[in-house]
Amino acid sequence: MQTKVWLFVTQPIFKFGRRLTLEWSPMGLKSSKMERYPNLITEILKEATSRLGLKNIDETRRYFKTQTYGYGGDFSITLALRDSKLNKIPIEKAAGDIKAKLEGSKFIKRTEVVNGYVNCWYDYTKLAEYLMGGINDDYGKSDYGKDERVMVEHTSVNPNKAIHIGHVRNSSIGDSLSRLLRFAGYDLTVTNYIDDTGAQVADNVVGVKFLNLPRKKPGVKIDHYLGDEVYVKVNKLYEDDPALMEKRGLVLKAIEEGNNEIALLAKDMVMDVLKAQLQTLSRLGVFFDLVNYESHILMYKFWATAFAHMKSVGAIKLETDGKKKGCWVFKTAPPDEDKILVRSDGTVVYAGKDIAYAMWKHGLLDSDFRYKKMELQKNGEELWTTTLDKDSTKTHPTFNHVKHSISVIDIRQSYEQAVVKEAIEKLGNGKGIDYVHYEYGVVALSPNTANKLGVKETEEGGAFQMSGRKGVYINADNFLDKLYETLLDETKSKNQNLGETECKEVAESLAVSTLRYEMIRTDPKKIIVFDLDEALKLESKGAVYIDYTLSRMAGILRNSNSKIKTSMAIPELSDFEKRVLLDILRFPEIIESAAKALDLTVVSGFLSEFASDFNAFYTNTTVLKAEESIRDFRLWLVTAARTTLINAMSTLGLVPLERM
RNA sequence: GCUCACGUAGUUUAGCUUGGACAGAACGUCGGUUUCCUAAACCGAAUAUCCCAGGUUCAAAUCCUGGCGUGGGCACCA
């Protein structure tokens with residue numbers, strides 16, 4: 001199907017944040033010094049720091065408050081409250097001193113002392129002049145993370161079922177975080193870790209091999225079929241038939257040994273499901289650099305290497321008596337109990353494999369995988385995978401050897417992850433290794449929605465955990481389809497002059513943006529209670545609102561036939577214009593603080609305020625029909641706002657629409 | 001039992017790192033706005049014992065202690 005180009009803004013690809021390569025270089029990007037785009041907030045804080053005699057801009061930032069309520073001023077300074085105590089002088093005098101020191105600041109036009117606060121007003125003419133020279137398509141990018149290598153691992157769904165909305169929270173967080181870090185200048189590898197040797201995969205194999213369930217079902221996406229039907233059925237049968245459980249053990253053993261009929265069947269089924277999952281993720285705009293498999297960690301004997309290393313540095317110890325007799329344990333810091341890594345039968349537990357994997361990430365293992373290309377993704381980037389093939393390519397990007405690793409894994413695995421973190425940072429031994437478990441709360445179902453899926457008990461106000469085994473979950477594909485239908489009706493009713501294809505493109509983009517935005521806009525630690533009916537009602541200040549704002553910006557520019565000037569006399573600004581200008585100028589600061597804190601809500605909060613400010617400007621100010629001297633400035637403002645909004649949206653993985 | 005996270009208008013929530021003016025939004029409710037760049041919008045009104053009790057401080061939603069509520073974790077499961 002042909003995509004009409006004019007409907008979409010091309011998503012910026014943040015090229016300069018690509019990984020540094022040892023043997024392979026895409027276009028000679030190397031590690032050239034990146035241009036720093038203007039960060040006016042930093043400029044202003046810098047000047048204030050030196051004028052006020054403070055240590056650094058971080059200290060200054062503490063005393064600068066932007067909430068001024070009804071007291072006036074664009075921001076206010078609370079430093080006098082501290083100074084008066086420190087120097088034992090009256091508060092009004094301390095505030096007066098600060099006011100005097102700020103006299104003549106480049107970007108501050110006026111100051112005023114009220115109740116010990118120093119309220120400040122910007123010189124908007126200077127702000128506008130400064131910004132005017134510095135805005136291009138890359139506005140907001142930064143070199144904050146320059147030369148720092150990071151690996152982000154996210155999604156990592158068991159390859160036996162379709163992706164459900166709980167997984168979508170993981171993928172949305174992981175992908176948005178990756179986009180943010182790239183935009184902030186980090187050198188990134190994004191991986192999807194596939195547990196292809198676990199019990200869940202074995203369950204599906206049991207169904208096909210021993211219960212003679214069909215391998216595929218015509219007309220049904222394979223991840224849906226295997227997850228919704230085979231996996232659920234097998235788990236139900238386990239309850240009445242303990243003998244079937246033994247078959248699972250058999251399958252697991254065969255998979256581990258490899259090179260047999262069952263292992264091959266398992267591998268085929270894993271690949272089918274994985275590819276189907278990647279389709280869903282691609283629809284969501286979620287892409288990776290590398291897929292790696294648990295089985296490869298075993299085949300490459302990474303665990304053995306890791307084990308030998310830990311033994312040699314004394315990080316683990318063989319218990320000779322007590323209840324853990326015969327186990328190898330990791331000695332954790334005193335209050336916690338030592339963690340068993342190797343069972344008394346010699347097999348390794350999950351956390352053990354995870355430590356080996358983390359050691360690979362941080363370059364603490366001498367060995368590496370071999371790699372091959374898996375597919376060219378829709379974003380134009382190659383997806384690589386680890387491979388067992390002996391004749392695989394020698395030239396590939398450097399994936400590991402990172403300083404920071406971020407694993408997006410839900411909060412229920414905090415304990416295991418804490419063990420991995422402690423182990424890996426200890427093994428790193430002063431190399432500054434930084435292992436982050438990015439934990440997030442689960443997506444649970446409202447009682448109403450749970451009932452619809454066949455859950456019997458109904459507790460008032462409670463929430464139900466989704467369960468793949470019991471078949472209680474909402475698949476991402478299905479929900480996206482429903483969202484799409486709802487949005488398509490809406491789009492058609494609002495756009496009689498837009499063609500069928502265009503309406504479909506708009507609806508699809510809005511469905512993706514809406515789902516992703518809802519998954520990241522709140523504190524990741526909070527549980528999301530998902531209600532199907534509520535979710536389809538569409539929050540009126542969600543992604544649709546943001547895209548609508550962009551369409552309004554684009555609409556103005558589309559209808560204008562004058563050239564955008566970047567140098568002019570700045571007119572007196574209205575409050576509406578001031579707010580939009582302030583939003584634009586604080587965007588680089590938003591990116592840096594979000595990247596620093598790994599906090600996506602900083603960006604989503606900004607997006608929502610920015611859209612609201614622009615809409616207020618839009619309805620209260622005319623651009624095209626304004627007199628010429630003012631029109632030029634407003635046209636520039638809209639252009640700058642458009643760039644800022646597109647970059648902010650792209651950072652979160654929202655699809656920017658220019659018409660809807 | 002031990003432990004971690006969360007608790008802010010009817011609902012969803014921001015602010016808590018680094019204490020500072022009247023706790024900021026959105027949905028829903030009520031009222032208003034369309035000869036003008038897209039009304040998927042805008043403007044206005046009402047709505048909060050910031051879970052409770054103590055403490056620290058000139059000053060606490062924010063820091064400390066104790067409690068209550070909700071959810072998670074506490075495997076030789078993955």
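Student: What covers the buried residues of helix 16?

Tutor: Keep in mind that this is a predicted model. The buried residues in question are Ala 476, Leu 480, Leu 483, Leu 487 and Thr 491. Their cover includes helix 6 (165-183), helix 10 (261-283), helix 17 (500-520) and helix 18 (532-537).

Student: Why do those residues sit on the same side of helix 16?

Tutor: Look at Ala 476, Leu 480, Leu 483, Leu 487 and Thr 491, the buried set of helix 16. Asp 489 and Ser 493, on the other side, are exposed. The buried ones share a side because they cover an arc around the axis of only 75°.

Student: How far does helix 16 reach from its first C-alpha to its last?

Tutor: Helix 16 has 19 residues, and at 1.5 Å a residue you'd expect 27 Å. The model comes close to that, with a reach of 26 Å.

Student: Which helix gives the largest share of the largest nonpolar core?

Tutor: That core has 141 residues, and Leu 180, Leu 581, Val 603 and Ala 641 touch the most other members. The largest share is twelve residues, and they come from residues 628-652, helix 22.

Student: Which residues come nearest to RNA strand B?

Tutor: There are 72 residues around RNA strand B. By class, that surface has 24 nonpolar, 27 polar and 21 charged residues. Elements giving it two or more residues include helix 3 (79-86), helix 16 (476-494) and helix 19 (543-559). Coming nearest are Gly 70, Ser 76, Tyr 548, Ser 551 and Gly 555.

How values were computed. Residues numbered from 1 in each chain as written. Chains lettered and ligands numbered in written order. Predicted model: local features only at pLDDT ≥ 70, side-chain atom pairs only at ≥ 80, totals over all residues. Near = placed C-beta within 6 Å. Helix = DSSP H or I, 4+ residues; strand = E, 2+ residues; numbered from the N terminus. Nonpolar A, V, L, I, M, F, W, Y, C, P; charged D, E, K, R; others polar. Core = buried A, V, L, I, M, F, W, Y, C linked by C-beta atoms within 7 Å. Buried ≥ 20, exposed ≤ 12 C-beta atoms within 10 Å, placed from the backbone. Expected span 1.5 Å × (residues − 1). Arc of directions from axis to C-beta. Contact = placed C-beta atoms within 7 Å.
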